[in-house]
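Please consider the sequence and the three-dimensional model shown here. The account that follows proceeds from the overall fold to individual residues.

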Amino acid sequence: MTNAERSPEKIHYICQTYVGMKAGRNGQTGLKIAKQLEYSTASEARNRAEREAQSEDCAGADAYMVTEDPASGEVGEPSFLVRIGKVPELDDF
């Protein structure tokens, strides 16, 4: 397959929000994903994350982009546009 025949990478812009989880048996609290929304541009995802983070029930929000290889379906590591409030550690992704 030549480079001209390869499918271009597809970019996904995601806004992901988090809510707090109550303490479990081990007594630790944590975060869980509340919403995961896809947008066509980075600014749309970033703006939504900023709005969602202002919500009383939202612990935090991320806006990030990932690239997907349509031929293989593989998705790359997230590249964060903005991280607001309580969000998971980068190692948790």
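The paragraphs below treat the chain as a whole, then its nonpolar core, and then selected side chains.

The model is a predicted one. Its chain contains four strands and one helix, arranged along the sequence in the order β-β-α-β-β. Of the 93 residues, 25% are buried. The accessible surface of the chain amounts to about 6600 Å², and carbon and sulfur atoms account for 45% of that area. Among contacts with a separation of 6 or more, 54% join residues 24 or more positions apart.

The interior may be considered next. In soluble globular proteins, nonpolar side chains tend to be buried together. In this chain, the largest nonpolar core comprises nine residues: Tyr13, Cys15, Tyr39, Ala42, Ala45, Ala49, Ala61, Ala63 and Val82. At least two residues of this core come from each of strand E1 (10-21), helix H1 (42-53) and strand E3 (60-68). Helix H1 is the leading contributor, with three residues.

Within this core, Cys15 illustrates how separate parts of the sequence meet. Beyond its neighbours within four places in sequence, Cys15 contacts the core members Tyr39, Ala45, Ala49 and Ala63. Its further contacts include Lys35, Gln36, Leu37, Arg48, Glu52 and Asp62.

Is histidine 12, another residue of strand E1, buried or exposed? Histidine 12 counts as buried because its relative accessibility is 12%, which falls under the 20% cut-off. The side chain of histidine 12 forms a polar contact of 2.6 Å with the side chain of glutamate 68. Outside its neighbours within four places in sequence, histidine 12 is in contact with Glu38, Tyr64, Met65, Val66 and Glu68.

Lysine 10 also belongs to strand E1. With a relative accessibility of 45%, lysine 10 is classed as partly exposed, because that value lies between the limits of 20% and 50%. Although lysine 10 and glutamate 68 are 58 residues apart along the chain, their C-alpha atoms are separated by 5.1 Å. When neighbours within four places in sequence are set aside, the contacts of lysine 10 are with Val66, Thr67, Glu68 and Pro70. Glu68 is thus a contact of lysine 10 and of histidine 12.

Aromatic rings complete the description. A pair of aromatic rings is described by the distance of the centres and the angle of the planes. The chain has one aromatic pair. In addition, arginine 83 is positioned over the face of phenylalanine 80, at 4.2 Å from the ring centre.

Definitions and conventions. Residues numbered from 1 in each chain as written. Predicted model: local features only at pLDDT ≥ 70, side-chain atom pairs only at ≥ 80, totals over all residues. Heavy atoms only, no water. Buried < 20%, exposed > 50% of the residue type's maximum accessible area, 1.4 Å probe, protein only. Contact = heavy atoms within 4.5 Å. Areas by Shrake-Rupley, 256 points an atom, 1.4 Å probe, with all protein chains shown as cover. Core = buried A, V, L, I, M, F, W, Y, C linked by side-chain atoms within 4.5 Å. Polar contact = N/O pair within 3.5 Å; in protein donor to acceptor, adjacent residues only side chain to side chain. Phe/Tyr/Trp six-rings, centres within 6.5 Å; stacked < 30°, edge-to-face > 60°. Lys NZ or Arg CZ within 6 Å of the ring centre and 35° of its normal.
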